[in-house]
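The following note is offered to a colleague who intends to work from this structure. It proceeds by numbered points.

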Amino acid sequence: GTLGGQQIVAGRARIRTPRDLDIDRLISMIPEAFADALEGIDVHGTVGLDINVKGALADNGPVLDNASAKISLKDLDACMNDSLKAASGKLQLEAVYPSRVAVDRKRQTADVNITATDLDLSMVDSTTINASLEKLNLRASVAGLDEDVDKMNVLVDLNVGSLEADMDTIFGTLKNTAVALNMAPADGTIAMKADIGFDELAASMGSTLTAMLGATKLQALAQYDSTKTEILNQWNPQVKMTLKDGQVDMLASPICLKTLDFDFSLGRFNINECRAEIDDSDIQLWGDIYNIGEFMDGTGLLTGELSLESDHMNLNRLMALTGDEESQEVAEEAVQEIEEGQDTISTGPIMIPKGIDLTLYTNLSKVDFNDHTFNNVGGDISIKDGVMILQELGFSSKAAEMQLTAIYRTPNVQDRFMELDFHLLDIEIDELIDIVPSVDSIMPMLKALSGKAQFHFAAQTYLEPDYVTYGPLYPQM
């Protein structure tokens, strides 16, 4: 080292191990007071250490002007208390004080860079966690080292060529991952911004669930507010996400998420595009939902409009995917009890939620159900502060053309009210009995009829909790 005058101190130290590090010999050279801290640590590999320090000796102690440290490891094989293991072919860590990136020179700043060709980590506990990384590059910059966490500025850039991790039966891989994180104080609170992207993700949980995602980008911004109670309102997140070629296997057939593109904030949730395929059914959804934050706080209505379209929807296959043999048997028994008039099933009344004003516009070109095909299924379904409105729901089939408009209002359990206007046009009687066999039980005379008919039914009624009507009923045929 060098000593200039009586105050300025500068020094440099270099250490190289030409062969495998002898950790036991190193511990024997360290005073006993510090050797205990290295107990249980076993390290193998070659080590290079380069340290530069410049500072001053002030009356109140040493003052550090600048410093840098670089540690290079090759063929690393380390273990701590048999519970934490690390291995790497080539790993380099560099720390610099003050930061070369930070702009504010009045604060204590530092940079940390970590690069590795490969890095394997294992944490052995009641459940073992393993992680394997390739082409790791981590850069971090911190301003405010001597300040509280909520006053620090932190910049992190992480790039990983490949990441594989597993825990028990859970397994996951990521390809070409890039993460940029910025944490900074704002108005006395913590604000964070993150940009995340990867080319491919694959994950599995035993044999019950597997998932894959294609190219994905996520941008998020959040600011903490301790005066709020709900966690979403506390952080007030703003998220923009795009995703392509996703697939989830947890049913008999995979759920393919072809495209997902949305912008989320507590003021507006905008679904730009969502296209999915389930078995031989396709779904496309888009629209906006507003006032999520106010709705969670109980100060405003949750409003919005969504559109649902499909070229083909196979309800038979969709219902089969979500059911099992046991549930199907229970459903069949319930249907039989109803047909025999022995129904003992009791359910509570369906209550329409308040504080919501949402409308779903539907347009389904083709729907398969049982052995029948329904075309041009569509209409509007609205929920408006405790009222559900079905506006001109309709379809066409070989049996008839149907149109339904209905209102279901639930201000409370005792005063639930329903009004409907139901039309069946150009009815083919034979086909109608085939589609709805129970019609034959309600009107046995239909068996003796053939040809075409029309049917119109309008009703207004109040409902008891078990849905038995007791108010005024006005049918028209």
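The points below take up the confidence of the model, its overall make-up, its cores, its aromatic pairs and its backbone features.

1. Status and confidence. The structure is a predicted model. The mean pLDDT of the protein is 83, and 83% of the residues reach 70 or more. Two segments call for caution. Over residues 341-346 the pLDDT stays under 50, and the model has six contacts for them beyond four places in sequence. Residues 471-477 likewise stay under 50, with 18 such contacts in the model. Where pLDDT is low, the predicted coordinates should not be read in detail.

2. Overall make-up. The protein contains eight helices and 25 strands. Of its 477 residues, 28% count as buried. The exposed surface comes to about 29,500 Å², of which carbon and sulfur atoms supply 57%. Among contacts with a separation of 6 or more, 48% join residues 24 or more positions apart.

3. Cysteines. How many disulfides does a search of the whole structure find? The search returns zero. Two cysteines may be noted for their burial. Cys79 has a relative accessible area of 15% and is therefore buried, the limit being under 20%. Cys256, at 17% relative accessibility, also counts as buried.

4. The largest nonpolar core. This core has 14 residues, and those with the most contacts inside it are Leu260, Phe262, Phe264, Ile289, Ile292 and Leu302. Strands E14 (238-249), E15 (255-264), E16 (268-278) and E18 (302-310) are the elements that give two or more residues to this core. Leaving aside neighbours within four places in sequence, Ile289 is in contact with Gly267, Arg268, Phe269, Leu302, Thr303, Gly304, Leu306 and Leu358. Another core, of 13 residues, lies apart from the one just described; among its members are Val47, Leu73, Leu91 and Val160. Phe262 and Phe264 also belong, together with Phe269, to one aromatic cluster.

5. Aromatic pairs. The whole structure yields seven aromatic pairs. One of them is formed by Tyr224 and Trp235; it is tilted, with 4.9 Å from centre to centre and 55° between the planes. The two residues are eleven positions apart: Tyr224 sits in the loop between strand E13 (216-223) and helix H3 (231-235), while Trp235 belongs to helix H3. Tyr224 is partly exposed at 28% relative accessibility, and Trp235 is partly exposed at 26%. Why does the pair of Phe455 and Phe457 count as stacked? The ring centres of Phe455 and Phe457 are 6.5 Å apart and the planes stand at 5°, so the pair is stacked. Phe455 has a relative accessible area of 24% and is partly exposed; Phe457, at 26%, is also partly exposed.

6. Approaches to Leu420. Which residues have C-alpha atoms at 6.7 Å from each other although they are 40 residues apart in sequence? They are Gln460 and Leu420. Gln460 is placed in strand E25 (residues 452-463) and counts as partly exposed at 29% relative accessibility. Ile407, in strand E23 (residues 401-409), is 13 residues from Leu420 along the chain, with 6.3 Å between the C-alpha atoms. Ile407 is partly exposed, having a relative accessible area of 30%. Not counting residues up to four places away in sequence, Ile407 touches Val387, Met388, Ile389, Phe417, Met418 and Glu419.

7. The cis peptide. Tyr97 and Pro98 are joined by a cis peptide bond with omega about -5°. Pro98 is found in the loop between strand E5 (84-97) and strand E6 (109-123). A reader preparing input from this model may wish to keep this assignment in view.

8. Positive phi values. Asp82 has phi near 55°, a positive value in a residue other than glycine. Asp82 is found in the loop between strand E4 (61-80) and E5, and is exposed, with a relative accessible area of 59%. Asp245 also has a positive phi, near 55°. Asp245 is located in strand E14. At a relative accessible area of 53%, Asp245 is exposed, because exposure begins over 50%. Strand E14, in which Asp245 lies, is one of the elements that contribute two or more residues to the largest nonpolar core.

Key
Residues are numbered from 1 along each chain as its sequence is written. This is a predicted model: local features need pLDDT of at least 70, side-chain atom pairs count only at pLDDT 80 or more; totals for chains, interfaces and linings use all residues. Side-chain values use heavy atoms; hydrogens and water are left out. Helices (H or I, at least four residues) and strands (E, at least two) are DSSP runs, numbered from the N terminus. Buried means under 20% relative accessible area, exposed over 50%, partly exposed in between (1.4 Å probe, protein chains only). Contact means heavy atoms within 4.5 Å. Accessible areas come from the Shrake-Rupley method with a 1.4 Å probe; for residues, only the protein chains shown count as cover. A disulfide is a pair of cysteine sulfur atoms within 2.5 Å. Rings of Phe, Tyr and Trp (its six-membered ring) pair if their centres lie within 6.5 Å; planes under 30 degrees apart count as stacked, over 60 as edge-to-face and the rest as tilted. pLDDT is the predictor's confidence in each residue, from 0 to 100. A nonpolar core is a set of buried Ala, Val, Leu, Ile, Met, Phe, Trp, Tyr and Cys residues joined through side-chain atoms within 4.5 Å.
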